[in-house]
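Hi,

Here is the structure I promised to pass on. Have a look at it first, and then read my notes below.

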Amino acid sequence: INEDKLNSSLKLSPQSYSFICSLRDKAIYEKDKAEKEKDIAFSNAYIYYRDMPNMNNDKATHLANTNKKYQSKLDIFQKAQYIASTLISACRAYENRERILQTLSANMRRER
């Protein structure tokens with residue numbers, strides 16, 4: 001293990017990590033916003049179908065699930081959820097890498 005490379009990696013980690021974390025936070029915000037819009041679209045569709053004559057709750061739920069507006073909001077939510085989970089995974093990878101680098105650095109200092 002090259003001590004110079006290890007130290008330079010430790011110095012560069014916070015810059016990359018903070019950028020990825022800010023992207024992650026924005027993606028989580030967008031996912032939460034899309035989830036709320038999806039839930040509202042479902043509720044509106046459900047209420048619309050439920051108010052029809054001879055409509056039971058199960059049928060209204062199934063019709064609301066197939067509603068085009070709800071389906072489009074669901075698609076947007078799923079894409080936002082994928083982006084957020086990808087960035088969350090990247091942040092965890094950076095955290096793990098940073099812990100490993102710190103452990104290696106501490107072990108090298110102890111060996112001196």
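**The two cysteines**

C91 is buried, with a relative accessible area of just 1%. C91 is also one of the buried residues of α3. Before going further, please keep in mind that this is a predicted model.

What is the closest cysteine sulfur to that of C91? It belongs to C21 and lies 3.5 Å away, which is too far for a bond. A disulfide here is a pair of cysteine sulfur atoms within 2.5 Å, so a separation of 3.5 Å does not qualify. I also looked at the whole structure, and the search finds zero disulfides. Seen from the other side, C21 is in no disulfide either, with the sulfur of C91 as its nearest cysteine sulfur. C21 counts as buried too, at 10% relative accessibility.

**How far to trust it**

The chain has a mean pLDDT of 89, and 93% of its residues reach 70 or more. Confidence is lowest in helix α1 (residues 3–50), where the mean is 88, and highest in α2, at 97.

**Helix α3 and its cap**

α3 has 44 residues. From first C-alpha to last, α3 reaches 65 Å, close to the 64 Å expected at 1.5 Å a residue. Its buried residues are Y70, L74, F77, A80, A84, L87, C91, L101, S105 and M108.

What sits at the N-terminal end of α3? N67 caps that end, with a side-chain oxygen 2.9 Å from the backbone nitrogen of K69. N67 itself lies in the loop between α2 (57–65) and α3 (68–111). N67 is buried, with a relative accessible area of 17%. Leaving out residues up to four places away in sequence, N67 touches A45 and Y49.

**The nonpolar cores**

The largest nonpolar core has six residues: A34, A41, Y70, L74, F77 and A80. Both α1 and α3 supply at least two residues of this core. Which helix gives the largest share? That would be α3, with four residues.

There is also a second, separate core of five residues, and Y49, M55, A60 and A64 are among them.

Y70, from the largest core, is worth a click. Setting aside neighbours within four places in sequence, Y70 is in contact with K38, A41, F42, A64 and N65. A41 belongs to the largest core as well, whereas A64 is listed in the second one.

K38 is worth a click too. K38 is placed in helix α1. Is K38 buried or exposed? K38 is buried, because its relative accessible area is 12% and the cut-off for buried is under 20%. Apart from residues up to four places away in sequence, K38 touches Y70, K73, L74 and F77. Of those residues, Y70, L74 and F77 are members of the largest core.

A60, from the second core, is found in helix α2. At 0% relative accessibility, A60 counts as buried. Neighbours within four places aside, A60 is in contact with Y46, Y49, R50 and M55. Y49 and M55 are also in the second core. For a sense of scale, the C-alpha atoms of A60 and S16 are 44 residues apart along the chain and separated by 48 Å.

**A few other spots**

N54 has a positive phi of about 60° although it is not a glycine. N54 lies in the loop between α1 and α2. N54 is exposed, with a relative accessible area of 81%.

I28 lies in helix α1. I28 is partly exposed, with a relative accessible area of 26%. Beyond its neighbours within four places in sequence, I28 is in contact with A84 and I88. A84 is on the list of buried residues in α3. The C-alpha atoms of I28 and E95, 67 residues apart along the chain, are separated by 18 Å.

S89 lies in helix α3. S89 is partly exposed, with a relative accessible area of 43%. In sequence S89 and R24 are 65 residues apart, and in space they are 9.4 Å apart, C-alpha to C-alpha.

Cheers

Key. Residues numbered from 1 in each chain as written. Predicted model: local features only at pLDDT ≥ 70, side-chain atom pairs only at ≥ 80, totals over all residues. Heavy atoms only, no water. Buried < 20%, exposed > 50% of the residue type's maximum accessible area, 1.4 Å probe, protein only. Contact = heavy atoms within 4.5 Å. Expected span 1.5 Å × (residues − 1). Polar contact = N/O pair within 3.5 Å; in protein donor to acceptor, adjacent residues only side chain to side chain. pLDDT = per-residue confidence, 0-100. Core = buried A, V, L, I, M, F, W, Y, C linked by side-chain atoms within 4.5 Å.
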